[in-house]
Amino acid sequence: MVTPWYKRVSEGLGKSRERLEGQLNVLLRKGPDLDDEFWEDLEDTLVGADIGATAVTEIVDRLRDSAARKALPDAAAVLDHLAAELAEEFPGDAQDPFAVGPVVVLVVGVNGTGKTTTIGKLATEAVRNGRSVLLGSGDTFRAAAVEQLDIWAERAGVPVVRRERGADPAAVAFDTVKQANETRPDLTIIDTAGRLHTSADLMRELQKVQRIAQRESVAPVKSVLVLDATTGQNGLSQAREFHTALDLDALVLTKLDGTARGGIAVAIVRELGVPIVRIGVGEGVDDLKPFVPAEFARALVGRG
Amino acid sequence: MFENLSQRLQDVFANLTGKGRLSDADVDAAMREIRLALLEADVNFKVVKEFVSRVRERAVGADVAKSLTPGQMVVRIVLEEMTELLGGTDARLVFTGRIPGIVMLVGLQGSGKTTATAKLANRLRREGKRPLMIACDIYRPAAIDQLEALGRELDIPVFRGDGNDAVAIAKAGVKEAIAQMRDVVIVDTAGRLHVDEEMMTEAARIKEALRPDQILMVVDAMTGQDAVTAADAFAKRVDFDAVIVTKLDGDARGGAALSVKQVTGKPIMYAGVGEKLDALEQFHPDRMAKRILGMGDVVSLIEKAAETADTEVSEEMEERLRRAEFTFDDFLTQLRQVKKMGGLGSMLKMLPGAGQLKGLDDAEIDERQLDRVEAIIQSMTAAERANPKVLNGSRRERIANGAGVTVYDVNQLIKQFQQAKKLMKQFQSAGGGKGKRGKFRLPGGMQPPF
């Protein structure tokens, strides 16, 4: 029995899978011969999924080794084995910071990854689950970012704390947390302006927002990075810098409904150990799904 | 992790004498490094394959010029090939002469279309045009408000239509441009996924209705391997003319730019290099090639210096350096030039291998530190600045009080000053001769003081 959300995930991932399967079917058709060409094609396929050349070399070397040791009979068995191994790279006991309240979550990331949209979806989801929500409009830099969050809040029917454009985002965080301390919502989410991780000033600004929230909040404060699945190797640099600055609690991987496969997430989780808790698979309000490691890993190698 | 392809190749060829021709084995080793470097820079793996085989063809049996090491030789081949692939000459917007000229922007969600629309309008106005922007993104909440706010900031009109038909809004916008006597319109469209049939059809319909002079695809420099799939789909459905690469102010290598150019054959026209609305530059293939290869953007840095640095001051400074008469006044002048160029942070990012200078990022490129240094120097008397040797304990204390810092800070600065002076003497005696460093000298003898 396939639950509706699962179907949406499969459909979302399906688009990326179709193309990948096209490639992997070529691999599979090669039959039982696991020759050099097979391994080279597999390497290309994984590199094409943005897992990264260095990580791929490592993964394929290890896989070659276990294929020989375990006498894996054919390409399908190798790919299944690979999917199982990749799934294990993701922490199994991942804590979803959005699930257990009361909690204050700071949503951060580079420009254009889908922070505000993700917050809109999260708020809607929480309200549907009968939870109370408060939003903080901490993106005071981008034109109309406040209005964008307002529209989402209105759709979800939740209150928003805001200040004028150009205001200090730490002040917005202060106001939001203060209100959260009084009204005690289950979930408080603070939006922040997109910023490149290389901008030391803006990263410091973000640290200040976190510091203020932590200092003022009665509820625990968590930080979540929103990462665009179309991002390449720079995603690792992004995650590293945001993690260094804020000690991230979780990742959300967006835009998986295109043809990008978000393989950089593997490299990020391998290096930083920060769990992925949600994936975005479409523009609809229901298109933010829980992250299921085994499913993601199988989709990544075309065995979904 | 390696940052710099030249360094990598130097290492590959370290055991070679540098005479004669490159052997197959030498070239193989070099090609492996090039492949890895390109993949790390997010160049699509298929594009990498083609590229590497092309470079290999030229490298095998190539005569190593006397003045170059084999490593330098291969780097030169790689750079030449890549610059050519990225598009030889600078691409420019072409208008048919119809008034208003129409430019339409398309791309994936979050690539930066709305910001690019405003930046492009600003740029065209600087070039003497009278632009109007049309907000056709009727899907993303507040996208139209965003463009309107940017228009207000720039004082450039924005047309926002009613209803939920992007094609009708676009058409009405062009009419409005004619009524307002605007000679160019820039059409911002909704972000769309290349696999979204309905949305791709809408983009094609807007194109059909407006017949734009130019369609530009906006591509995020941080995009990975999938850039080619999206670009290819947009090329087939809306057939864009050129590309704007955005978010190049980060540390992404931007290999996606090469992939898109290679797969679609469309030139890259502009580069988005900052959050400010004037941060849209003409795209330079040669600089992008160096960036993808991790070789830094020395040319941009020098240009920036030339733009901001006062040449007379620089020349005089060089002269003083030659005579090793470097004083705190010179130090202050340099400091101010560094600040004018956008601070140490933005300068360092453009230097080759700057990615390795991780620690500098937060600890030492503290712009406020520059302010403190300025305050300390300004608290010195003219005599003290000219001859730092007179700075005894009580003078240092007075300076610290005057600048609002501790004596320790003053001591640190004096120490740094002495080190900088020493360093400069070394640079002078090295005479720009050997090694990578000697080749690269900041204009006006400028050397970051820390």
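I started with the cores: the largest nonpolar one has 189 residues, and the most contacts inside it belong to Ala123(A), Leu251(A), Val187(B) and Leu216(B). Worth jotting down early that this is a predicted model. I then asked which element gives this core its largest share, and got helix 2 of chain B (residues 24–40), with 7 residues. There is also a second, separate core of 11 residues, and I noted Ile376(B), Ile377(B), Val410(B) and Leu413(B) among its members.

Next I picked Leu251(A) and skipped its neighbours within four places in sequence. What is left in contact with Leu251(A) is Val224(A), Leu225(A), Leu227(A), Ala265(A), Ile268(A), Val274(A), Pro275(A) and Ile276(A).

Then I looked at helix 4 of chain B, residues 70–86. Its 17 residues reach 24 Å from first C-alpha to last, close to the 24 Å expected at 1.5 Å a residue. I listed its buried residues: Pro70(B), Gly71(B), Met73(B), Val74(B), Val75(B), Val78(B), Met82(B) and Leu86(B). A reminder to self: an α-helix has 3.6 residues a turn, so residues three or four places apart point the same way. Right after helix 4 of chain B comes Gly87(B), with a positive phi near 125°.

Last, the contact between the chains. I found 34 residues from chain A and 37 residues from chain B in it. On the chain A side, helix 2 (36–48), helix 6 (145–156) and helix 9 (234–246) each supply at least two residues. Helix 6 of chain A gives the most, with 4 residues. I also sorted that side of chain A by class and got 10 nonpolar, 16 polar and 8 charged residues.

Conventions
Residues numbered from 1 in each chain as written. Chains lettered and ligands numbered in written order. Predicted model: local features only at pLDDT ≥ 70, side-chain atom pairs only at ≥ 80, totals over all residues. Core = buried A, V, L, I, M, F, W, Y, C linked by C-beta atoms within 7 Å. Buried ≥ 20, exposed ≤ 12 C-beta atoms within 10 Å, placed from the backbone. Contact = placed C-beta atoms within 7 Å. Expected span 1.5 Å × (residues − 1). Nonpolar A, V, L, I, M, F, W, Y, C, P; charged D, E, K, R; others polar.
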